[in-house]
Amino acid sequence: MNQAIDGFSLRNGSQIPCIGYGTWKTPNGDVAINAVSTALQCGYRHIDTAAGYRNEESVGLSILQSGLKREEVFITSKLPNAKRGYESTLAAFEQTLTELKTDYLDLYLIHWPANSRQFNDWEQINLNTWQAMTELYHAGKIRAIGVSNFLPHHLEALMHTPVKPMVNQIEFHPGLMWPETLEYCKANDICVEAWSPLGTGRILSNETLIDIAARYGKSVAQLCIRWVLQNDVLPLPKSLNPDRIAENLKVFDFEISAKDMAIINGMPYFGGSGLHPDAVDF
Ligand code: NDP
């Protein structure tokens, strides 16, 4: 990977630009319009949103107004948890297309698995949702389908369906690598995307990371993004600050040594969202 538009290849041959721009908690309206517009001007060609972020409308407007052709921008959105199930997935997807002002998505994800804490029939719910996503994929309305926050036991049921998940988007940053999930995805040709690659900013003051980043003349954020890439995972950094939006793309002019990768890979948990896919009640 030499630039943000270089792609990760998915099982079906689709390519995803290797850095995506995150939009969680970016308010709909001028904030989202300006942020996404800045990101596109800086060179991001992959935008990560979700119906649950309630900003698809502004994300879509920004892309429309950017002057870029639709096919030049890779758009990901996600199915809200309240819309799991066959019929409601089909309806939620149409709503997402309307909000984003597009007639197809590059990638659609199940945002969170139905889990055993909330549902006795959690596996069947995930299968019903997946059936709808598979039909939308076959109809050409989605170029690639996947999941988010799925651990191996959630993925397992979907691996025996005609179209297996192509992407799993999980929380991934120094101190939190979900090694079993990472290994499972790599073994099954599922591209892993890193949400909160900067730990929503919480991990940026870590002394070990500060020391390593300084040795490369890079910021801790750039170190984290590069570290994600060197683990063959696709980072989705978010910033609302134009300078930092640009800074987060400048990660192709240095390489973290094997020794430093091992140090960062070995860091114990020191902060994250605290959300566990089997413990959440949403
Ligand atoms: P990050 O982990 O990318 O962290 C963003 C925070 O870091 C902001 O506070 C930002 O502040 C700060 N920051 C960004 N760049 C820099 C920099 N260069 N130097 C210093 N500070 C910086 O964000 P998110 O937690 O939002 O995760 C990224 C994306 O992942 C989301 O936006 C969303 O698209 C996706 N996501 C998916 C989830 C899922 O369940 N699938 C869950 C959560 C996130 P500032 O704006 O001031 O720069």
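Side-chain contacts in a predicted model

Q: In this predicted model, with which residue does arginine 215 form a salt bridge?
A: The closest N and O atoms of the pair are 2.9 Å apart, inside the 4 Å limit for a salt bridge. Arginine 215 lies in helix H7 (residues 207-216) and its partner in helix H10, 45 residues apart. Arginine 215 is exposed at a relative accessible area of 55%, whereas the partner is buried at 4%. That partner is aspartate 260.

Q: Which side chain meets lysine 218 in a salt bridge?
A: The N to O distance is 2.8 Å. The pair links distant parts of the chain, with lysine 218 in the loop between H7 and H8 and the other residue in the loop between helix H9 (242-247) and H10. Lysine 218 is buried, with a relative accessible area of 16%, while the other residue counts as exposed at 58%. The residue is aspartate 253.

Q: How many residues apart in sequence are the parts that arginine 70 and aspartate 106 tie together?
A: Arginine 70 and aspartate 106 form a salt bridge, with the closest N and O atoms 3.0 Å apart. Arginine 70 counts as buried at 18% relative accessibility, and aspartate 106 as buried at 9%. Arginine 70 lies in the loop between helix H2 (56-65) and strand E5 (74-79) and aspartate 106 in strand E6, so the parts tied together are separated in sequence by 36 residues.

Q: Over the ring of which residue does the charged end of arginine 70 sit?
A: The charged end of arginine 70 is 3.9 Å from the ring centre. The charged end of arginine 143 also sits over this ring, 3.9 Å from its centre. The ring belongs to tyrosine 104.

Q: What is the nearest side chain of opposite charge to arginine 226?
A: Arginine 226, in helix H8, is buried yet has no salt bridge. The nearest side chain of opposite charge is 4.7 Å away, and a salt bridge needs a distance within 4 Å. Beyond four places in sequence, arginine 226 touches residues including Val251, Phe252 and Ile256. The side chain asked for is that of glutamate 255.

Q: Is the pair of tryptophan 112 and phenylalanine 282 stacked or edge-to-face?
A: The structure holds six aromatic pairs. In this one the ring centres are 5.1 Å apart and the planes stand at 90 degrees, so with angles over 60 degrees counted as edge-to-face, the pair is edge-to-face.

Q: Which residue joins Trp112 and Phe282 in a cluster linked by ring pairs?
A: Tryptophan 112 counts as buried at 7% relative accessibility, and phenylalanine 282 is partly exposed at 36%. Ring pairs link these two and one other residue into a cluster, and that residue is Trp195.

Q: Are the rings of phenylalanine 172 and tryptophan 227 stacked or edge-to-face?
A: Phenylalanine 172 and tryptophan 227 are both buried. Their ring centres are 5.1 Å apart and their planes are at 20 degrees, so the pair is stacked.

Q: How many disulfides does the count come to?
A: A disulfide requires two cysteine sulfur atoms within 2.5 Å. The sulfur of cysteine 42 is 15 Å from the closest cysteine sulfur, in cysteine 18, which is too far for a bond. The sulfur of cysteine 185 is 9.0 Å from the closest one, in cysteine 191, also too far. The count of disulfides is zero.

Conventions:
Residues are numbered from 1 along each chain as its sequence is written. This is a predicted model: local features need pLDDT of at least 70, side-chain atom pairs count only at pLDDT 80 or more; totals for chains, interfaces and linings use all residues. Side-chain values use heavy atoms; hydrogens and water are left out. Rings of Phe, Tyr and Trp (its six-membered ring) pair if their centres lie within 6.5 Å; planes under 30 degrees apart count as stacked, over 60 as edge-to-face and the rest as tilted. Buried means under 20% relative accessible area, exposed over 50%, partly exposed in between (1.4 Å probe, protein chains only). A charge sits over a ring if NZ of Lys or CZ of Arg is within 6 Å of the ring centre and within 35 degrees of the ring normal. Helices (H or I, at least four residues) and strands (E, at least two) are DSSP runs, numbered from the N terminus. Lys and Arg count as positive and Asp and Glu as negative; His and the chain ends are not counted. Contact means heavy atoms within 4.5 Å.
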